[in-house]
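Here is a quick tour of a small model, written for someone who would rather read the geometry than a stack of output files. Have a look at it first, then we'll go through the fold, the sheet, the core and the charged pairs.

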Amino acid sequence: MPVLYEYRVLPAPERGRRVRGAKGPAERFAHALEQAMNEMAAEGWEYVRAESLPSEERQGLFSGSSRTVRNVLVFRRPRDTGA
């Protein structure tokens, strides 16, 4: 019997978080990712992957739209089938 999953997609952190012992922006950014992953894991979500996807957004009321790239984190967990 196949395992059914539910998925959750969150925006990836854009900035690092200050933490004692982290030296420089790369370590602060890694800490922000680690913290997001651990928070989701505590709720039963398994990290699957990071994706960079195009997103079209309106600039204003009368102006056109622009395309940007959004970075997201994908998580999954087994769906409760109520069995």
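First, a caveat: this is a predicted model, and the numbers below are computed from its coordinates.

**Overall layout**

The chain has one helix and three strands, and reading from the N terminus the order is β-α-β-β. How does its radius of gyration sit against that of a compact globule of 83 residues? The chain comes out at 17 Å, while such a globule would be near 12 Å. The box around the C-alpha atoms tells you about the proportions: roughly 50 × 40 × 15 Å along the principal axes.

Burial is worth a glance too. Buried residues account for 13% of the 83 in the chain. The accessible surface is about 6,800 Å², and carbon and sulfur atoms own 51% of that. As for how the chain meets itself, take the contacts between residues at least 6 apart in sequence: 54% of them join residues at least 24 apart.

**The sheet**

Strand 3, residues 65–78, pairs with strand 1, residues 5–11, in the antiparallel sense, over seven bridges. One place to spot this pairing is Glu6, which stands opposite Arg77 in strand 3.

Strand 3 also pairs with strand 2, which covers residues 46–58, again antiparallel and this time over 12 bridges. Here you can pick out Arg49, whose bridge partner in strand 3 is Val74. Strands 2 and 3 make a hairpin, with six residues sitting between them.

**The core**

Which residues make up the largest nonpolar core? There are six: Ala12, Ala36, Met40, Trp45, Leu73 and Phe75. Helix 1 (24–42) and strand 3 each put at least two residues into this core. Ala36 is a handy one to click on: setting aside neighbours within four places in sequence, Ala36 is in contact with Leu73 and Phe75.

**Charged pairs**

The salt bridge count for the model is six. Three of them are set out here, with the N to O distance for each.

| Pair | N to O distance |
|---|---|
| Glu51 and Arg49 | 2.5 Å |
| Arg67 and Glu56 | 3.6 Å |
| Arg70 and Glu57 | 2.4 Å |

Start with Arg67 and Glu56, whose side chains meet at 3.6 Å. This pair links distant parts of the chain, with Arg67 in strand 3 and Glu56 in strand 2, 11 residues apart. Are these two buried or exposed? Arg67 counts as exposed because its relative accessibility is 63%, over the 50% cut-off. Glu56 has 54%, so Glu56 counts as exposed as well.

Next, the salt bridge between Arg70 and Glu57, at 2.4 Å. It too ties distant parts of the chain together: Arg70 belongs to strand 3 and Glu57 to strand 2, 13 residues apart. Arg70 has a relative accessible area of 36%, so it is partly exposed. Glu57 is partly exposed too, at 28%.

That leaves Glu51 and Arg49, with their side chains 2.5 Å apart, N to O. Glu51 has 26% relative accessibility and therefore counts as partly exposed. Arg49 is partly exposed at 43%, and this is the Arg49 that has Val74 as its bridge partner.

**Out in the loop**

One last stop is Arg18, which lies in the loop between strand 1 and helix 1. Why does Arg18 count as exposed? Because its relative accessibility is 77%, and anything over 50% earns that label. If you want a sense of distance across the model, try Arg18 to Pro54: the two are 36 residues apart in sequence and 29 Å apart in space, C-alpha to C-alpha.

Definitions and conventions. Residues are numbered from 1 along each chain as its sequence is written. This is a predicted model: local features need pLDDT of at least 70, side-chain atom pairs count only at pLDDT 80 or more; totals for chains, interfaces and linings use all residues. Side-chain values use heavy atoms; hydrogens and water are left out. Two strands pair if DSSP finds at least two bridges between them. Helices (H or I, at least four residues) and strands (E, at least two) are DSSP runs, numbered from the N terminus. A nonpolar core is a set of buried Ala, Val, Leu, Ile, Met, Phe, Trp, Tyr and Cys residues joined through side-chain atoms within 4.5 Å. Buried means under 20% relative accessible area, exposed over 50%, partly exposed in between (1.4 Å probe, protein chains only). Contact means heavy atoms within 4.5 Å. A salt bridge is a side-chain nitrogen of Lys or Arg within 4 Å of a carboxyl oxygen of Asp or Glu. The radius of gyration is taken over C-alpha atoms; the globule rule is 2.2 Å times the number of residues to the power 0.38. Accessible areas come from the Shrake-Rupley method with a 1.4 Å probe; for residues, only the protein chains shown count as cover.
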